[in-house]
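Me: I'm new to this one and would like to go through it piece by piece. Can you put it up first?

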Amino acid sequence: MFFQAFDEKNECAAVYANGALQQDYSGLELGKTWGYTKHVNAPNAMYAHIWSGGQSLSEACPEVLKEEYQRLHTKGAAFIKAFATCKINLDDVCFYDLVPNSYLLDLCDLKNKISEHVFETYNKPKNYDFLVGLTKMLAKISSQDLNLSTANIDLGSATGRKLKAKIETGHNKIYYDQWKTVTGRLTTKSDSFPILTMDSRHRHVVKPKNDWIIEIDFNAAELRTLLALNNVEQPEGDIHDWIGETVFKGKKTRDEVKKKVFAWLYNPKASNKKLEAVFKRQDALEEYYYDGFVHTPFGRKIKTTDHKALNYLVQSTTSDLFLTQLMKIDKILENRKSFISFCVHDSAVIDFSDEDRDVIKEIVSVFADTQFGNFKCNLNAGKNYGSLRRLEWKQ
């Protein structure tokens, strides 16, 4: 059964199914819809928005429905403009209670038609199940308020003043966008708290709701991914120390090794036979880059050029690997006080309760145990996001 849901801030106002708006939909078999909503329990539902690869309604709308889509879009915009003129705050009232039922019925019928078009004409993405799981986890994160403090923000800097203004105007949630980049790396939406772009000097504004902020990430994630793509066994210790011994025979410092490796890694014109012998950059490209596309182990097909191919392959694979492990942590923390607060690139940040100390070992173990082998992890903890300190942890 096709359906569409109308969400208020904290609940579903109604579901459109069988040609009618229904507030009691508990007995309905809800099968296919446009987009995921956390307020409707439909565990086996199929989502056209995800099926289409994150397209908007406008982008997925077939030509035959364009005129109807534009009519309803224009009408909806007119409603919003009228509410603004009348000084009606849509944060205080539900939009769907203010517009005629006839408009809602027409809108839902159109969304059903577009959804049906997507399911009939698009191929199911190879990574569809992964994308659904990620969508659900990111929706959970977006429903959580961050515990933010404006105390001690450096107001002498423009970034500090801008951040304070963001917090004071209610930007205390993180809204990720999983569709904006070709590699699948997460970005944040404009109305989100700027967790990915926040100056590191201001990280102290993020405090736990529980007792601790705990951060877990992979040691040199992208280098480990490149090794994994070529079926090279993962080093147990710090990868830069390992490269220093394996490639440079202990003749360079760790910082010198890092500079050498990253100057070579994503520059196709850079040549280093010793590093190539270990990381087999060219072998990875020959296996995963062909016909003008990078084909990742996670089912992504990314159009690119020779210059960007390795970058896209490694970054996309690393991102999807990390997010896969993050979803596993989310599963572990179900029904506990601790929860995933947010993530920054390949680091997971947990709002951690002292009463969950028994689960730390499991979190680290599960996070490190990837489909590409055991990745060494770093574990940090602090009383706020800006005061994290390394915890020595034996995996």
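Me: How many residues does α6 have, and how far does α6 reach from its first C-alpha to its last?
Reply: This is a predicted model. In it, α6 has 15 residues and reaches 21 Å from its first C-alpha to its last. That is close to the 21 Å expected at 1.5 Å a residue.

Me: Is α6 mostly covered or mostly uncovered?
Reply: Mostly covered, as 11 of its 15 residues are buried. Among them are Tyr128, Phe130, Leu131, Val132 and Leu134. Further along α6, the buried ones include Met137, Leu138 and Ile141.

Me: What do those buried residues of α6 pack against?
Reply: They pack against β5 (46-47), α1 (48-51), β7, α13 and β14.

Me: OK, β14. Which sheet is that strand in?
Reply: β14 belongs to an open sheet of 5 strands, in the order β14-β15-β10-β18-β19, with antiparallel pairing. β14 (339-344) is one edge strand and β19 (389-391) is the other, each pairing on one side only. From one strand to the next, the twist averages 30°.

Me: And how many residues of β14 are buried?
Reply: 6 of the 6 residues of β14 are buried, so β14 is largely enclosed by the rest of the structure.

Me: What joins β14 to β15?
Reply: A hairpin, with 2 residues between the two strands. His345 sits in the turn and has a positive phi of about 60°. β14 and β15 (residues 347-352) pair in the antiparallel sense over 5 bridges. In that pairing, Phe339 has Asp351 in β15 as its bridge partner.

Me: Next pair in the sheet: over how many bridges do β10 and β18 pair?
Reply: Over 6 bridges, again antiparallel, between β10 (residues 212-218) and β18 (residues 377-382). Asp217 stands opposite Asn378 in β18.

Me: Changing topic. How many salt bridges does the structure hold?
Reply: The structure holds 14 salt bridges. One of them links back to α6: the side chains of Asp330 and Lys140 meet at 3.0 Å, N to O. This pair links distant parts of the chain, with Asp330 in helix α13 (residues 306-332) and Lys140 in helix α6 (residues 128-142), 190 residues apart.

Me: Is Asp330 buried or exposed?
Reply: Asp330 is buried, with a relative accessible area of 13%. Lys140, at 33% relative accessibility, counts as partly exposed because buried means under 20% and exposed over 50%.

Me: What about Lys173, which residue does it form a salt bridge with?
Reply: Asp145, with the closest N and O atoms 2.6 Å apart. These two also link distant parts of the chain, being 28 residues apart. Lys173 is in the loop between α7 (158-168) and β7 (176-177), while Asp145 is in the loop between α6 and β6 (147-148). Asp145 counts as partly exposed, at 34% relative accessibility.

Me: Which residues are joined into one network by shared partners?
Reply: Glu68, Asp109 and Lys113. Within that network, Lys113 and Asp109 form a salt bridge whose closest N and O atoms are 3.3 Å apart.

Me: Where do Lys113 and Asp109 lie?
Reply: Both lie in helix α5 (residues 101-121), 4 residues apart, about one turn of the helix. Lys113 is partly exposed, with a relative accessible area of 34%. Asp109 also counts as partly exposed, at 28% relative accessibility.

Technical notes
Residues numbered from 1 in each chain as written. Predicted model: local features only at pLDDT ≥ 70, side-chain atom pairs only at ≥ 80, totals over all residues. Heavy atoms only, no water. Pairing = 2+ DSSP bridges. Axes fitted to C-alpha atoms, helices over the stretch in contact; angles between N-to-C directions. Buried < 20%, exposed > 50% of the residue type's maximum accessible area, 1.4 Å probe, protein only. Salt bridge = Lys/Arg side-chain N within 4 Å of Asp/Glu carboxyl O. Expected span 1.5 Å × (residues − 1). Contact = heavy atoms within 4.5 Å.
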